[in-house]
Every structure is written in C-alpha cells, then in structure tokens.
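Please follow this chain from its buried interior outwards, taking the packing of side chains before the pairing of helices and strands, and ending with the backbone of the loops.

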Amino acid sequence: MISPFLNSSLYAQEDGAGKLVYVIPVENDVERGLEAFMKRAINEAVEAGADHIILEIDTPGGRVDAAGGIATALQDQSIPVTSYIIQQAASAGSYIALNTDYIYMNPHAGMGASGIINSDGTAADKKAQSFWLKQMESAAESKGRDKLYALAMADASIDLPEYGAPEGEFLTLTPNDAIEVGYSEGTVSHRTELLHELGLSEATIVETEPTFAENVARFLTNPVVIPILLSVASLGLIVELYSPGFGVPGTMGLVSLGLFFYGHLIAGLAGMEAIILLLLGIGLIIAEFFVPGGILGFIGVGSLVGSLFMAGANIGHMSMSIAIAFIVAVVAAVILFRRIGMDKGVFRHVILKDRETTELGYVSQVNRLDLIGLEGVTVTQLRPSGVGQFDGERIDIVSEGGFVEANKPVKIVKVEGVRIVVREL
C-alpha cells in the first residue's frame with residue numbers, strides 16, 4: 001500500500017514507468033569520505049533529473065560534522081528522498097534518516113541510540129550535547145515528525161519505558177515502534193517491495209557506488225587511521241635522519257604523509273593551499289640543513305603543522321593526532337640517539353667529526369727534545385723560572401732545583417712539552 005504521507009502528485013503512474021530513481025548506499029562509519037561521496041551522488045541525481053532518491057542505510061554512526069554536511073546536502077535540494085534502513089541507523093545514521101522525507105525499515109532493523117560521544121569513548125561536554133540535541137530536534141521537526149522521540153534517541157534522561165527506553169537509556173525504535181510514533185511509513189523486506197510501496201516498481205534504477213578513489217579516501221580519512229598515518233610518517237622520517245642515504249624509512253614516511261593529504265584531497269577537505277603550505281614546509285626544513293640559524297627550520301615545521309590543520313576536518317581530533325605523532329617521533333629519536341648516536345644519516349654531514357690528532361700531523365705544541373744536553377747561560381734570575389740563552393736563542397726555562405743567579409752557566413737536562421728544565425753547572 002502506498003503511504004498516505006507521500007505526495008501523490010509525484011507519481012503520475014502507479015508503477016512509476018518513465019521515472020528515474022537514484023539509490024545511494026549509506027554504509028559503515030559516517031565520516032568525511034562518506035560525506036564527499038554522498039554530496040557527489042546527490043549532485044549527480046539532481047543533474048540527471050532524478051524523480052526520487054533512496055538512501056539504503058546500514059551504519060553504526062560516526063562523525064557529527066560529517067552527518068551535518070550530509071543533512072545539509074539533503075535539505076538543499078527538492079527531490080523527494082526516502083531512507084530505507086536495512087540493518088541499523090544508529091547515532092549519526094538516525095540523524096541522516098530524520099533529514100529525509102520518508103523512512104522505511106527492514107523487519108530486523110533498528111533506529112536510534114544517538115548519544116554523542118568523543119573519539120575516546122567518553123561522553124561529550126554539555127555544549128556539544130546541547131548542540132546535538134538541537135540538531136536532532138530540528139531534523140525531526142523539519143519533516144513534520146514528533147521531536148520527543150528524536151530527543152530521546154540522544155538524551156538518556158527522557159523516560160519512555162513503553163518503547164524500551166526508561167530513564168538512563170537511549171531510545172532505539174523497532175520497525176513497529178517507528179510506525180507507531182510516526183517515524184516510519186512502513187516495513188519492507190527488500191528494495192523491490194520498497195519500490196512497490198513507493199509506486200516506483202517500473203522506474204529506472206541507478207545504483208551509485210563510491211569510486212575506488214572515494215573508498216580509499218573514506219579509509220584514509222577515518223578518525224582511527226589519521227593518527228596512524230601521521231605516526232608512521234613521523235617515525236619514518238626520524239629513522240631516516242639516522243640512516244645512511246635515503247631508503248625505506250624515508251620513503252615510508254613520505255608515502256604516509258602523501259596518503260594523508262591524498263585522502264583529504266579526494267574527500268574535499270584539503271585544498272591546494274594546504275598542499276602548497278606542505279611543500280613550502282618541507283622545502284624550508286631541507287634548507288635548514290644548509291643554512292645555519294634555525295629560523296628556516298622553525299618556520300618549516302610551523303608550515304608543515306599548519307598544512308595538517310588546514311587539511312583536517314576537526315581541529316580537536318587533528319590536534320590529538322599530531323600530538324600522538326609527535327610523541328612517537330620523540331621516543332624514536334631518543335632511542336636512536338642512544339643506540340646509534342649521530343655518526344650516521346643526515347647528521348654526519350652537519351656535525352664536525354675530524355680531530356686534530358698527532359697521528360694526523362696536528363700538534364698543540366712543539367716538543368723541543370733536541371734541546372736536551374745543550375749548554376747556555378741564564379739571562380735572568382731563575383725563581384725557579386726565567387729566561388736563558390742557548391746558541392743565540394732566548395728560551396723560557398725552569399731550574400731543576402731552587403734559585404739561580406743571572407749569567408750563570410746552565411745545561412738543559414729535561415724537556416716536558418713546553419717545560420724546559422735546566423741544571424746549574
């Protein structure tokens with residue numbers, strides 16, 4: 001049976017012949033890569049003149065900012081949108097569903113449990129929770145749904161024991177509960193049945209799928225993957241500093257850094273300005289090895305960190321990721337310094353290792369051993385040091401014993417570096 005909530009003017013024919021329907025999967029975590037894919041798919045549907053969009057939802061939730069971007073894209077176009085919850089629409093997934101015109105559920109599906117938490121699993125602060133509650137409330141009201149149940153999905157203090165959500169529990173609606181509270185138009189077992197309910201059984205179906213690049217971007221922009229990529233990048237570059245030549249560690253670091261920016265570029269999060277700032281930072285850091293002073297290196301590191309923040313979608317999460325990478329880099333640098341020192345790698349080119357040793361012909365003083373046995377006279381008194389003259393050369397000397405008058409004959413009996421010892425004859 002076609003839902004009475006549907007606008008009958010949208011369906012000139014009972015079977016939907018001649019109409020165009022776009023099917024967009026909303027699967028796995030909700031993150032910025034999914035947001036980029038859905039915006040692209042929605043734009044394609046609009047440009048193709050689609051008559052209806054179906055979101056096939058099966059997600060445990062994810063990032064609030066990504067869900068917000070998806071909701072904005074859905075609200076900014078006039079094509080009717082139906083959410084078909086295949087398995088679960090939890091957290092951010094329920095928010096996306098609430099921003100669509102119609103909701104249908106599989107008999108085994110659930111919708112709700114939308115409490116907002118931080119990336120570390122702890123409850124978000126009151127400011128973030130208040131904002132999220134307003135978002136859930138607005139999403140429900142924008143489509144004429146009772147806001148109470150949307151709020152109960154995100155606020156455990158609301159008491160709804162009749163729907164299995166007493167105070168202290170987030171609301172999760174079953175298919176029957178969703179129909180009862182007016183959140184679902186019906187329960188269907190598969191897409192064919194859904195299309196029949198919508199009067200679109202004979203419509204042309206276009207299934208959109210993420211491209212390979214978009215799938216890669218979704219993986220690379222995952223909040224769990226980002227700190228791993230930055231940690232591997234920092235570790236590889238630090239190890240490379242202690243390695244002779246340029247090899248696997250440096251390549252690994254640059255590839256990880258490249259993957260980070262590639263994923264964020266494809267997802268539409270990073271622009272060319274972030275890439276330019278990254279290249280500028282790398283160039284300044286390299287220049288620091290050839291130009292003394294430290295200023296270029298400091299500016300280069302600042303540019304590199306700035307490019308990461310420009311590419312990141314969330315300043316808080318990016319700060320945490322950079323902090324983790326920094327700790328990894330410091331620990332690696334300390335371990336390598338203790339084990340290897342600075343005799344290898346880049347440091348061998350900037351640290352002076354040559355020593356002025358006697359074996360290499362360097363001497364700090366002339367050892368006048370040839371003077372031993374030479375006789376002369378004292379020019380000054382020796383108390384016990386003074387000056388003597390030997391074969392016409394004035395030499396600083398020290399008496400072997402005590403006081404020696406001037407113009408006394410003496411003989412050099414010992415030479416110890418610059419110390420020349422004489423004995424009175």
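In this predicted model, M111 touches a wide spread of the sequence: leaving aside its neighbours within four places, M111 is in contact with I85, A89, S94, A97, L98, I103, M105, M153, L171, T172, L173 and Y183. M111 is also one of the residues with the most contacts inside the largest nonpolar core, which has 54 residues and in which L55, L171 and Y183 are named alongside M111 in that respect. Besides this core there is a second, separate one of 18 residues, and L257, A274, A311 and A325 are among its members. As background, nonpolar side chains in soluble globular proteins tend to be buried together.

A buried position of another kind is S91, which is found in the loop between strand 3 (81-90) and helix 3 (92-98). Is S91 buried or exposed? Its relative accessibility is 15%, and because buried means under 20%, S91 counts as buried. Apart from neighbours within four places in sequence, the contacts of S91 are P60, G61, G62, G112, A113, S114, G115 and W132.

The packing of helices can be followed in one pair. Two packed helices are described by the angle between their axes and the distance between the axes. For helix 1 (residues 32-47) and helix 2 (residues 64-75), the axes come within 8 Å and cross at roughly 10°. Because angles under 35 degrees count as roughly parallel, helix 1 and helix 2 are described as roughly parallel to each other. Helix 1 contributes R32, L34, E35, M38, K39 and I42 to the contact, while helix 2 contributes D65, A66, G69, I70, A73 and L74. Sorted by class, this contact of helix 1 with helix 2 has 7 nonpolar, 1 polar and 4 charged residues.

Further along the chain, 5 strands form a closed barrel in the order 9-10-11-13-12, with mixed pairing, and the twist from one strand to the next averages 55°. Both senses of pairing can be seen at strand 13. Strand 12 (residues 409-416) and strand 13 (residues 419-424) run antiparallel and are joined by 6 bridges; V410 has E424 as its bridge partner in strand 13, and E416 has R419. Strand 12 and strand 13 form a hairpin with 2 residues between them, and G417 in the turn has a positive phi of about 65°. Strand 11 (residues 393-399), by contrast, pairs with strand 13 in the parallel sense over 2 bridges, and V398 has V421 as its bridge partner in strand 13.

The loops that link these strands hold some backbone features to check. Most residues other than glycine have a negative phi, and most peptide bonds are trans. Between strand 9 (375-378) and strand 10 (385-390) lies the loop that holds P384, and the peptide bond joining R383 and P384 is cis, with omega at about 0°. In the loop between strand 10 and strand 11 is D391, a residue other than glycine whose phi is positive, near 50°; D391 is exposed, with a relative accessible area of 67%. N407, found in the loop between strand 11 and strand 12, has a positive phi of about 65° although it is not a glycine, and N407 is exposed as well, with a relative accessible area of 63%.

Terms used:
Residues are numbered from 1 along each chain as its sequence is written. This is a predicted model: local features need pLDDT of at least 70, side-chain atom pairs count only at pLDDT 80 or more; totals for chains, interfaces and linings use all residues. Side-chain values use heavy atoms; hydrogens and water are left out. Axes are lines fitted to C-alpha atoms, for helices over the stretch in contact, and angles run from 0 to 180 degrees between N-to-C directions. Helices (H or I, at least four residues) and strands (E, at least two) are DSSP runs, numbered from the N terminus. Angles under 35 degrees count as roughly parallel, over 145 as roughly antiparallel, 65 to 115 as roughly perpendicular and the rest as oblique. Contact means heavy atoms within 4.5 Å. Ala, Val, Leu, Ile, Met, Phe, Trp, Tyr, Cys and Pro count as nonpolar, Asp, Glu, Lys and Arg as charged, and the others, Gly among them, as polar. Two strands pair if DSSP finds at least two bridges between them. A nonpolar core is a set of buried Ala, Val, Leu, Ile, Met, Phe, Trp, Tyr and Cys residues joined through side-chain atoms within 4.5 Å. Buried means under 20% relative accessible area, exposed over 50%, partly exposed in between (1.4 Å probe, protein chains only).
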